[in-house]
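Visitor: I would like to understand how the words used for a structure follow from their definitions. Could you take me through them one at a time?

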Amino acid sequence: MTDPVLTVEGLTVNYSVGAGTFHALQDVSLEIRPGEVVGIVGETGCGKSTLGHAIPRLLPEPPARIESGRIVFRGTDLVTVPRWKLPMVRGTGIAMIFQEPLNSLNPAFRVYDQLAEAVRIRRLRESGRLPMFRPDRDDPFDYSRPPPPPKGGTLANAIVPGGVTAEAVQGRRLGSYRDDVLEYLRLVRINDPETVLGLYPHELSGGMRQRVMIAMALSEKPSLLIADEPTSALDVTIQAQVLTLLKELIDEIHTAVLFISHDLGVIAETVDLLGVMYAGRLVEIGPAAEVFESPRHPYTKALLRATPNRSKAEGALDTIPGAVPNLSRLRPGCRFQPRCVLARPVCANDPHPPLVPIGFGPAPAVHRTACLFPEEVAQLP
Amino acid sequence: MNAPPLLELDRVQKFFPISRSVSEYFAGRPGRNIHAVDGVSLTVGSGETLGLIGESGSGKTTLGWLVCRLHSVTGGRIRFGGEDVTELAGPALRAWRRNVQVVFQDPVGSLDPRLRVWQIAGEPLRAQGGLGKSEVRRRVRDLLPSVGLPPDCLDQYAYEFSGGGRQRISLARALSVSPRLVVLDEPTSALDVAVQAQILNRLVELQRARRMAYLLITHNVAAVRYVADRVAVMYLGQLVELGSMRAVLDRPVHPYTKALIAAVPALDVRRRRTRYRIGGDVPTLIDPKPGCRFAARCPFVIDRCRVEDPPLTAYPGDPERLVACHRAEEVRDIAPSELLAPAGAS
Amino acid sequence: MGVRDTLRLFWAVLRANPLTLAGFLMVAVLCGLAGIMAIDPWLLVRYGPIQTSSASYAPPSWAHPLGTDNIGLDIYSEVMRALPLDLGIALAIVGASVLIGGLLGLVAGYWDRPGTAGGASSIVILRTTDVFLAFPSLLLALAITISLGRGPWQAVLALMLTWWPYYVRLVRGEVLAVKHLPYIQAARAAGVSEGRIVLRHVVRNILEPIVVYLTMDIGTVLVVFSTIAFVADAIPYPSATPEWGSMLSYYQQILPIASYPWLVFGPGAAIFLTVLAFSLLGDGLRDVLDPRTRRALVRSRSRPLPEVPAEASPARPDDPEAKLSGEVPQPA
């Protein structure tokens with residue numbers, strides 16, 4: 001069995017908010033192996049986005065604090081890496097795509113410029129002229145030298161309004177970048193890449209923008225791709241197209257993926273392994289088929305049942321009573337206990353039930369749940 | 001059925017002009033328009049729910065706003081309870097507003113942050129009735145339990161509530177004048193699954209208790225399946241399919257409806273191995289050319305589709321069912337799942 | 001947020017932020033002193049207008065806290081006498097500008113659909129505003145003052161004429177931001193008339209940034225007015241109604257021959273402190289009114305927010321959504 005690309009162990013993240021502390025993540029552990037797609041699902045406020053941002057250390061660290069835990073990426077604990085070295089991990093090591101591509105693409109730069117920047121960084125890193133994160137080797141980079149200036153003058157010209165027209169971009173002897181950029185645009189199934197090169201983000205549709213984001217993320221050939229709600233802002237048919245694209249690329253390129261979403265349906269059709277989060281904790285994790293067909297945590301079960309799938313003639317929809325707890329004022333014991341149908345006094349005692357494996361199977365992928373009574377969950381209607 | 005339907009839209013159009021540059025104006029070029037809604041006819045009966053499904057650019061939101069007269073129509077007529085209300089304006093329009101209320105999509109933006117719950121929910125009452133403050137408070141207080149809010153939250157502010165709570169306040173506002181029709185514009189899109197279920201349950205209960213009609217505008221097919229009696233599907237400003245909920249959602253005829261239903265993610269892990277095959281993006285709404293607007297993306301397209309507008313025709317065997325497709329007969333039995341190819345197929 | 005909540009929040013900001021507290025106290029003191037001076041000056045000063053004493057160029061002392069000038073005028077008395085005038089003028093100019101500019105901005109922002117009468121008037125208002133804004137305000141005010149004849153009222157009028165365009169822009173921007181929010185449409189759908197929508201929804205929601213801006217603007221206007229008085233020699237000094245700018249102008253002419261620092265210290269410090277007070281206050285107001293900091297302040301207030309959102313507290317015991325967390329017994 002190959003080593004996992006990412007191992008998160010006991011990650012606890014707190015935010016200092018005014019007087020109190022907001023426990024965004026508590027004791028989260030998971031593993032992602034090469035080529036595997038791990039999904040994290042949960043409702044608003046469960047901490048899944050915090051987890052997605054914490055892994056590449058993209059959280060704003062003054063209000064947020066990583067209290068404890070390890071984030072081991074290809075053998076190196078990112079929590080101990082000094083902040084100035086972190087940019088070397090991002091891009092070529094860990095890439096990220098976000099929900100609203102209009103916000104994550106720079107509106108002042110054309111598609112070509114943004115993709116070219118990604119390609120350029122990768123090339124410079126691979127050729128050793130910029131430091132790259134090499135967990136398995138000593139760092140050979142000479143930090144005394146300044147970084148090299150941009151080649152081909154593309155990025156300097158990009159700032160001049162009207163200085164770069166679509167025609168100029170196509171005709172310019174830009175050499176290497178342009179071919180790579182076109183290749184990546186074709187990789188994400190954009191039909192007319194030459195035209196798209198010269199467009200600004202606001203001139204593209206939502207689906208196209210998301211494809212450009214995916215192209216940017218993959219052009220650096222990352223070991224791990226974190227996708228934070230990548231299709232939530234898209235129309236249904238466009239979402240289906242983008243998900244199909246992601247599935248095909250994942251199968252072709254074998255990147256490890258952490259896929260975060262609130263939509264169970266999207267998760268079901270995209271991931272291999274599924275983790276369910278509630279109120280900052282991972283409450284269930286296992287192979288997607290098992291978690292969907294035989295959930296072993298009351299919250300997962302309730303979430304699946306609350307998804308509307310019938311007509312009003314067939315009865316009212318199942319709901320989950322109560323509301324998500326306030327993460328700055330937590331009670332002891334299981335966090336789902338106040339809303340849980342199976343709750344009993346022992347659930348309200350500390351410590352929070354740990355994730356324990358149920359059933360048998362190869363150790364990393366075994367189905368685990370954080371409920372003390374998983375057998376009873378199986379017997380719920 | 002001799003009573004007229006509660007709401008009747010007759011070839012309604014709404015165009016938004018695109019502002020022309022000065023040179024275009026002087027060159028005498030005709031103004032261009034965005035055809036947001038382009039000749040839609042439908043009806044909603046008393047006490048029933050019509051679900052209006054579509055994606056961005058379909059015009060469903062614009063149509064909803066036309067129904068509550070927040071926009072004025074560019075063409076066509078709107079009839080409510082048998083009377084033509086297309087041209088209403090001024091005090092007559094404001095008085096008519098008690099019949100049709102709206103619940104908006106954005107739980108944050110649809111409530112005035114400066115006002116308290118009783119003021120927000122009681123605003124239609126004050127605008128319509130000239131009621132005093134204590135009377136409005138009393139009525140809102142009596143209304144709150146039916147939307148699931150505790151009666152003592154009258155004096156709280158909107159920011160103290162979560163998304164689900166805010167939508168309940170919006171709902172209370174809409175119900176305060178006992179309207180006959182409520183336009184629900186994506187009422188649950190900004191909410192979590194569990195809260196969505198609560199709100200949808202609530203909507204159905206209220207409809208049964210008060211015999212109101214709903215125009216439910218959404219892209220969420222599951223919500224439509226739960227709440228709606230009939231379904232209309234819009235694409236690029238036009239109605240492409242109309243019929244009972246079961247017929248349209250379980251046995252869709254129009255290729256776009258099939259594409260939409262196929263695209264909805266299901267809680268089915270076997271779909272990990274499927275690939276969605278409908279490509280293309282929504283084409284422009286500006287002065288669309290003749291021909292079926294879905295032709296560029298339709299997997300069943302023939303040459304006729306590109307030049308001739310398909311009329312909305314009744315479906316043989318089911319007069320309530322309308323479809324706008326030249327090939328309706330041939331494609332009707334193709335299930336949406338056939339639009340999902342297994343992995344590896346091209 | 002209503003008035004009471006805003007005031008409570010303001011008090012929390014004052015307690016948390018010493019600079020804002022200082023600004024607020026200073027403004028309160030200044031206004032109080034100005035009020036006293038307007039009603040009964042003898043409570044604070046010992047010398048009447050243009051009352052000279054025998055001691056000229058006397059350094060600051062108990063009898064003359066800010067010293068005396070060349071003809072023996074007690075500078076402290078003159079500064080205090082100028083206080084209500086300066087403060088009043090600044091408030092009047094800002095007030096008039098807010099009213100005129102605000103009204104125009106409201107009209108230009110709210111009724112601006114192209115092709116309607118509102119749209120046409122909106123264009124007229126905006127282009128006129130642009131013309132005024134094209135001139136540097138100080139120079140324009142100076143030019144108007146001088147052409148109208150140098151005098152205090154001319155200066156005030158000139159500033160009112162040059163100051164309103166900023167408010168047109170400010171108010172219009174805020175109105176545009178609010179106009180398209182769903183709750184405005186909701187009010188329309190409820191049958192509320194346009195006039196009521198403007199007053200009840202639009203104006204109430206744009207008030208806050210305008211209040212912040214105008215608070216800080218008072219300081220700016222004071223400086224500009226004093227500058228005009230200084231440069232254009234618009235207000236004669238000494239006179240029965242002194243003004244800080246004119247005092248500075250007069251004394252700085254004397255300085256080459258009698259360079260006693262306390263001559264200019266008095267009026268200069270008065271301008272400085274007044275502007276500082278309003279700036280600090282305005283800054284603090286911005287913290288109160290900024291939604292992000294406001295939310296943080298709201299959370300830390302003594303009244304605890306309900307742990308469970310309102311919709312989950314028991315409305316009816318059999319309502320399945322009505323379970324409060326942890327308080328309804330669960331089946332064993």
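Visitor: How many helices and strands does chain C have?

Guide: Chain C comes to 11 helices and 0 strands, where helices (H or I, at least four residues) and strands (E, at least two) are DSSP runs, numbered from the N terminus. This is a predicted model, in which local features need pLDDT of at least 70 and side-chain atom pairs count only at pLDDT 80 or more, while totals for chains, interfaces and linings use all residues. Residues are numbered from 1 along each chain as its sequence is written, and chains are lettered from A and ligands numbered from 1 in the order in which they are written.

Visitor: What makes a residue of chain C count as buried, and what percentage of its residues do?

Guide: A residue is buried if 20 or more other C-beta atoms lie within 10 Å of its own, exposed if 12 or fewer, and partly exposed in between, with C-beta atoms placed from the backbone. Of the 332 residues of chain C, 41% count as buried.

Visitor: Why is A:D235 called buried or exposed?

Guide: A:D235 has 22 other C-beta atoms within 10 Å, and therefore it is called buried. A:D235 sits in the loop between β7 (224–228) and α10 of chain A, and it touches B:E55, B:S56 and B:H219, leaving aside residues up to four places away in sequence; two residues are in contact if their C-beta atoms, placed from the backbone, lie within 7 Å.

Visitor: What does each chain bring to the contact between chain A and chain B?

Guide: The contact takes 39 residues from chain A and 34 residues from chain B. On the side of chain A that touches chain B, α10(A) gives the most, with 8 residues. That side divides into 16 nonpolar, 14 polar and 9 charged residues, where Ala, Val, Leu, Ile, Met, Phe, Trp, Tyr, Cys and Pro count as nonpolar, Asp, Glu, Lys and Arg as charged, and the others, Gly among them, as polar.

Visitor: How do you know that the length of helix α8 of chain B agrees with what is expected?

Guide: The expected span of a helix is 1.5 Å times one less than its number of residues. Helix α8 (residues 193–210) of chain B has 18 residues and should span 26 Å, and because its end C-alpha atoms are 26 Å apart, the two agree. Its buried residues, among them B:V193 and B:L203, have a cover that includes α13 of chain A together with α7 (163–175), β8 (213–218) and α9 (221–227) of chain B. Just after α8(B), B:R211 takes a positive phi of about 50 degrees.

Visitor: Why are β6 and β11 of chain A said to stand at the edges of their sheet?

Guide: In chain A, 8 strands form an open sheet in the order β6-β7-β8-β3-β9-β10-β12-β11, with mixed pairing. β6 (94–97) and β11 (356–357) of chain A each have a single partner strand, so one side of each is left without a neighbour in the sheet.

Visitor: What makes β7 and β8 of chain A a pair?

Guide: Two strands pair if DSSP finds at least two bridges between them. β7(A) and strand β8 (residues 256–261) of chain A have 5 bridges, in the parallel sense, and A:L224 stands opposite A:A256 in β8(A).
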